[in-house]
Structures are given as structure tokens and as C-alpha cells.
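Thanks for asking me to look this one over with you. Have a look at the fold on your own screen, and then see whether my notes match what you see.

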Amino acid sequence: MNASGGIRMIEAVSCGGVVIHRGKILLLYKNYKHKYVGWVLPKGTVELGETHKDTALREVEEETSVPAKIIKYIGQSQYTFQGRDDIVNKTVHWYLMRASSFYCKPQREEHFVDAGYYKFHEAYHLLKFNDERQMMKKAYYAYVELRKNKQWIRTYKF
């Protein structure tokens, strides 16, 4: 609550990635205090002085141990949730990213207990949040288009 006793609205910005390797999409499984949270895409809060691209790359690497490369900006999603003392209006900027292997390791400190690469239809059904499903779908279609035009491998080598 704020000084006048009302609930505050806080604006927050995060950035994340839809990471693809050989047609499969990287997901994380979050389990907080033994409560099912579910499968999510890697994302996190922008730190002072960081660009959105820097945040997306850092968060993907911190949460999954994957040193990904950004291919293109996909778009943004927005949602609102109840914090402990206020309402948070969050905007998430999403990037299509490429990994060089299937190696990944979930960040335990952030309550991620599993990570892995999944085929599109599996990832679509596993993802807990609809906004993340929509961004993953948009990113995957961009990936398919780049592959079809032979631009996925040639243009974005590691």
C-alpha cells in the first residue's frame, strides 16, 4: 500500500528469449517451495544501464547456462499480477535466439529444477502462460521462415 492507503501500480520491464536449436525450443521448469509453477521461457528484469538485448542474453545464460545469440526481436507481451504490497504491470520484450548445442542447466537459485529442448507442439502444450505460448509461436514461425530461405544457418553462425 502507498502512503494514502491505496494499492500502488508498479511498472516493470523484463526481457527474454525463445531459444531454438535444431528446431527444438528451450524451456525451464519452475518449482517454488514445492508448489507447481510450470514450464516457462527464460526471462528476467532489466538491470540499470542494460539494453533490452543485453538483459535477454544475460537472463537466458543465467537461467539455463546457454550462451545464445539473438537473431531478431519478436515483440512484447504484457500482464499484470498482484505483488505482496502492490500490483505489478509487467512488459516483457522477447527475442528469437539460437543456441549451438542442446546443453542446458537450470538455475537452482531461481527455483528452476529442469530445463530442456522440446519440439514445437510439445513446448506449446507444456508452457504454462498463454502470452509465452503466443511469443513462442511467433518466434517459431520466424525461425521456420528463416530456415526456408536458408538464412538460419548461413547468417547466424557461432
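The points below go through the cores, two helices, the pocket and a few single residues of this predicted model.

1. **The main core.** I would begin inside the protein, with the largest nonpolar core, which has 24 residues. Ile20, Ile25, Leu27, Leu41, Leu96 and Met136 are the members with the most contacts inside this core. At least two core residues come from each of strand E1 (8–21), strand E2 (24–32), strand E5 (69–82), strand E6 (86–98), helix H2 (120–126) and helix H3 (130–148). Which element gives the most to this core? H3 does, with seven residues.

2. **Leu27 and its neighbours.** If you want one residue to click on in that core, try Leu27, one of those with the most contacts inside it. Leaving aside residues up to four places away in sequence, Leu27 touches Trp39, Val40, Leu41, Asp114, Ala115, Gly116, Tyr118, Ala123, Leu126 and Leu127. A second, separate core has 16 residues, and Cys15, Ala56, Tyr95 and Ala99 are among them.

3. **Helix H3.** H3 has 19 residues, and the distance from its first C-alpha to its last is 27 Å, close to the 27 Å expected at 1.5 Å a residue. Which residues of H3 are buried? They are Asp131, Glu132, Arg133, Met135, Met136, Ala139, Tyr140, Ala142, Tyr143 and Leu146. Just after the helix, Lys150 takes a positive phi of about 55°.

4. **Gln134, also in H3.** Gln134 lies in helix H3, but it is not in the buried set: its relative accessible area is 33%, so it counts as partly exposed. For a sense of distance, the C-alpha atoms of Gln134 and Val46 are separated by 22 Å, and the two residues are 88 residues apart along the chain.

5. **Helix H1.** The 13 residues of H1 should span 18 Å at 1.5 Å a residue, and because its end C-alpha atoms are 18 Å apart, the helix agrees with that value. The buried residues here are Thr55, Ala56, Arg58, Glu59, Val60, Glu63 and Thr64. What do they pack against? Their partners are E1, E2, E4, E6 and strand E7 (112–118). Ala56 also turns up in the second core.

6. **Lys53, in the same helix.** Lys53 has its place in H1, which covers residues 52–64. With a relative accessible area of 47%, Lys53 is partly exposed. Beyond residues up to four places away in sequence, Lys53 touches Ile70 and Tyr95; Tyr95 is one of the residues of the second core. The C-alpha atoms of Lys53 and Thr91 are separated by 14 Å, with their positions 38 residues apart along the chain.

7. **Two loop residues with positive phi.** Neither of these is a glycine, which makes them good places to check the backbone by eye. Arg22 has a positive phi of about 50° and is found in the loop between E1 and E2. Ser65 has a positive phi of about 65° and is found in the loop between H1 and E5. Are they buried, partly exposed or exposed? Arg22 is exposed, at a relative accessible area of 67%, whereas Ser65 is partly exposed, at 28%.

8. **The largest pocket.** Its volume is about 410 Å³. The lining has 18 residues, and Lys30, Lys43, Tyr79, Lys90 and Phe129 lie nearest the centre. By type, the lining divides into eight nonpolar, three polar and seven charged residues. E2, strand E3 (35–40), strand E4 (43–45), E5 and H3 each supply at least two of the lining residues. The largest share comes from E4, with three residues.

9. **Gln76, on strand E5.** Gln76 is found in strand E5 and is partly exposed, at 41% relative accessibility. Its contacts, not counting residues up to four places away in sequence, are Thr91, Val92, His93, Trp94 and Met135. Met135 is also one of the buried residues of H3. Gln76 and Cys15 are 61 residues apart along the chain, and their C-alpha atoms are separated by 8.7 Å.

Methods:
Residues are numbered from 1 along each chain as its sequence is written. This is a predicted model: local features need pLDDT of at least 70, side-chain atom pairs count only at pLDDT 80 or more; totals for chains, interfaces and linings use all residues. Side-chain values use heavy atoms; hydrogens and water are left out. Helices (H or I, at least four residues) and strands (E, at least two) are DSSP runs, numbered from the N terminus. Buried means under 20% relative accessible area, exposed over 50%, partly exposed in between (1.4 Å probe, protein chains only). Contact means heavy atoms within 4.5 Å. A nonpolar core is a set of buried Ala, Val, Leu, Ile, Met, Phe, Trp, Tyr and Cys residues joined through side-chain atoms within 4.5 Å. On a 1 Å grid over the protein atoms alone, a cavity is a set of points where a 1.4 Å probe fits but cannot get out, and a pocket is an open set with protein on both sides within 12 Å along at least five of seven lines; lining residues have an atom within 4 Å of a point. Grid points are joined across faces, edges and corners, and a volume is the space filled by probe spheres set on the points. Ala, Val, Leu, Ile, Met, Phe, Trp, Tyr, Cys and Pro count as nonpolar, Asp, Glu, Lys and Arg as charged, and the others, Gly among them, as polar. The expected span of a helix is 1.5 Å times one less than its number of residues.
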